[in-house]
Amino acid sequence: MSSTTSSPQNPNLSITSLPKTRTGIQGLDQITMGGLPTGRPTLICGGTGCGKTLFSLEFLIRGAQEFNEPGVFMAFEEKPQELAMNVASLGFDLQMLQHEKKIKIDYVHIDRSEIEETGEYDLEGLFIRLGYAIDTIGAKRVVLDTLENLFGSLTDEGILRAELRRLFTWLKDKGVTAIITGESGEKTLTRQGLEEYVSDCVILLDHRIINQISTRRLRIIKYRGTLHGTNEYPFLIDEEGISVLPVTSLQLNKPVSSETISTGVASLDDMFSGGGYYRGSSILVSGTAGTGKTSMSSSFVNKACKDGLKCLFFAFEESPQQIIRNMSSVGVNLQSHIDSGLLSFYASRPTLYGLEMHLVAIHKAIKKFKPQVVVLDPITNLITIGSVSEVKAMLVRLIDFLQEEQITVMFTALTLNTVVNEQTDEGVSSLVDVWLSIKDIEVNGERNKGLYVMKSRGMKHSNQVREFVIEDSGLNLLDVYLGPDGILTGSARESHRIEEETGQLLHTNAQDLKDRELERKRKVLESKIDSLRTEFESIEEELNKVYTEEKIKNDVIRQTREQITHLRRGTTAFGNEGSND
Amino acid sequence: METRAQTTNMGELYELRLYVAGKTLKSVTALSNLKKYCEEHLTEQYVIEVIDLLENPQLAEGDQIFAVPTLVKKVPEPVRKIIGDLSNEEKVLVGLNIRPKKA
């Protein structure tokens, strides 16, 4: 029972709960909430080629490498050399570990042809061998792969069953955490019903082919005395071993950020009141073929990289080289970001493996690269390998995961002209926070692109349809002209603009003409006023002259009368005066 | 006795190893059975080595022992193993190639 002390425990579990031994297999420890039951046997069953041996071997190797728990592998099927070769492709050096006495492989070879059974016997030999192996390296972990082979080699089933029961008890007494593998039977979990002996933990591995695409799945059928995930979890075997994807954390209690992140297109930023997308939000760019979805996402990535954010680009359609070349034609230099280590591409064909596998692979890539921005281009291609609901379920989980990690994600989706564009094929529009729709506007024998923001959660956004143009220098949005015939784009917009300009010119011209006319009129008026004034002056002068003459005349008359009057009084004065006249 | 020995492989030496785990009833029975058969069929032609795995557990792996008691015949070829308490004489003799099958 010595091993119970050394196993790291889930801090959430109380002291009284079952001690667990971490497997070190990615994701499995989360599902089992800490690992396999310490000091007890676990049964791993599944069909041929589902990864039982690899699974159990990785358990041992991780134990030896990461948790310093040596392990014994008792092989009934494969020779040590074969096993070493099998895991060498996963980067594990089994020979080295054996040399360091961290792992011991005991190959039990039973050749039916050279064995005869007579009378009573037991499997004490096996116990002794196992016990010896455990004691020599101080093993804490044991794998028996595949114990059922004994049934094929020995005829006396009664003895075997009794001995197996004894073996499991013995393993518990030894205090080793054991994995027993078993081949799936027709109706039972294992051919020989091993599950009746192992009652603590049973894990079923499955390898299913749907639409010619295989998916490996794992399910914990039973785990006595502890909580565990009950779903089927997809798992992946790749060059780093097994990774299981825990996929159920849909608790909707993710942290949110009110910081924004630029869209990469200045004029698009202006359409959002916050000047971009919220950090950690999910953005969907949908549009028909050739509307510039990839360009849109590349610009986004380009800008994010320039701002020093790490980006991961999942390309499901084009190869990274293709994208880099194509984007350099619109002034987006992605290569420089790759060189600086801020950008990484992950390209894979959707048909390479099933949806779940993709999800696992995406998870893995994200966990490894730790990006702040993720682009999936396009998600529509995934539909080729799964139904709409499956794709949606996968994307829900992906978005969930990304939001938990505060990663901003942009999906691009191809919409077909035949379907009503209000709903994307994947039905993810309800999941995303921001939805940009790029539509073809087809008028006057031209196709032009109109972009609008269908939705933007928690942020005011422009309701305008803008024309989306891809120029040598990058992407841009132009104001769309609203003419009497509706929206004008492309050359129609241009011609409308020219027309307007001409009209303006003509208008100005006419205005000038009128101004001049007025000026002339004013001049005429002024000249008329002048002449009238002159006339008036001459008349006035005339009148003045008459008036003066009259006055003179009156004066003279008055003088004359005075003189006469004077004369009548005296003569001198009169005579003098009269001579003066 | 001599005539019987003639029927077997002409005077070859049988190297027999009996693996046991402690002095259990089964191992004691097996050893006594083996001795009896050898005396009857392989007079002076055999060597019996009894290995107690409780004392020498490291020897189990070499001869691929998983059950006890196990009788291993290494010489003469081919290698044969007989597991159990050797209570069935017929099977043991056939198993050791002392008597051909369907004798």
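The following paragraphs describe the two chains of a predicted model, moving from their overall make-up to the sheets, the core, the contact between the chains and two arginines.

Chain A has 581 residues, of which 41% count as buried. Its secondary structure comes to 15 helices and 25 strands. For contacts in chain A with a separation of 6 or more, 69% are accounted for by residues 24 or more positions apart. Chain B has 103 residues, and 37% of them count as buried. Four helices and four strands are found in chain B, and along the sequence they follow the pattern α-β-α-β-α-β-β-α. In chain B, 68% of the contacts between residues at least 6 apart in sequence join residues at least 24 apart.

Two open sheets of chain A can be taken in turn. One is built from nine strands in the order β5-β4-β7-β8-β3-β9-β10-β11-β12, with mixed pairing. At its edges stand β5 (103-107) and β12 (241-244) of chain A; each has a single partner strand, so one side of each is left without a neighbour in the sheet. From one strand to the next, the twist averages 20°. Within this sheet, strand β3 (residues 41-46) of chain A pairs with strand β9 (residues 201-210) of chain A in the parallel sense, over five bridges. Here A:L43 stands opposite A:V202 in β9(A). Helix α12(A) packs on this sheet, where it touches β10 (213-223), β11 (232-238) and β12 of chain A. The direction of α12(A) makes about 65° with that of β11(A).

The other sheet also has nine strands, in the order β17-β16-β18-β19-β15-β20-β21-β22-β23 (chain A), and it is likewise open with mixed pairing. Its edge strands are β17 (343-347) and β23 (474-479) of chain A, each of which pairs on one side only. Neighbouring strands are turned by 25° against each other on average, direction ignored. Strands β18 (residues 373-377) and β19 (residues 408-414) of chain A run parallel and are joined by four bridges. Across this pair, A:L376 has A:F411 in β19(A) as its bridge partner. Helix α12 (residues 355-369) of chain A packs on this sheet as well, touching β16 (311-315), β17 and β18 of chain A. With the direction of β16(A), that of α12(A) makes about 160°. Helix α12(A) thus has a place in both descriptions, packing on the sheet that holds β11(A) and on the sheet that holds β16(A).

The largest nonpolar core has 158 residues, and those with the most contacts inside it are A:C311 and A:V375. Domain 1 (2-243) and domain 2 (260-479) of chain A both give residues to this core, so it lies between them. Leaving aside neighbours within four places in sequence, A:C311 is in contact with A:V301, A:A304, A:C305, A:L342, A:L343, A:P371, A:V373 and A:V375. The two residues with the most contacts inside the core, A:C311 and A:V375, are therefore also in contact with each other.

Where the chains meet, 29 residues come from chain B and 21 residues from chain A. On the side of chain B that touches chain A, the elements giving two or more residues are α3 (59-62), β4 (80-83) and α4 (89-95) of chain B. The largest share, four residues, comes from β4(B). By type, the residues of this side divide into 16 nonpolar, seven polar and six charged. Strand pairing also crosses between the chains: strand β6 (residues 115-117) of chain A runs parallel to β4(B), and three bridges join the two. In this pairing A:I115 stands opposite B:K81.

Two arginines of chain A make a helpful pair to look at. A:R129 is found in helix α5 (residues 124-137) of chain A and counts as buried, with 24 C-beta neighbours inside 10 Å. Not counting residues up to four places away in sequence, A:R129 touches A:D106 as well as B:P57, B:A60 and B:E61. From A:R129 to A:V108 the C-alpha to C-alpha distance is 9.5 Å, with their positions 21 residues apart in sequence. A:R349, by contrast, lies in the loop between β17 and α12 of chain A and is exposed, with 12 other C-beta atoms within 10 Å. A:R349 and A:E317 are 32 residues apart in sequence and 6.9 Å apart in space, C-alpha to C-alpha.

Technical notes. Residues numbered from 1 in each chain as written. Chains lettered and ligands numbered in written order. Predicted model: local features only at pLDDT ≥ 70, side-chain atom pairs only at ≥ 80, totals over all residues. Core = buried A, V, L, I, M, F, W, Y, C linked by C-beta atoms within 7 Å. Buried ≥ 20, exposed ≤ 12 C-beta atoms within 10 Å, placed from the backbone. Domains from an automatic or database assignment. Contact = placed C-beta atoms within 7 Å. Pairing = 2+ DSSP bridges. Axes fitted to C-alpha atoms, helices over the stretch in contact; angles between N-to-C directions. Nonpolar A, V, L, I, M, F, W, Y, C, P; charged D, E, K, R; others polar.
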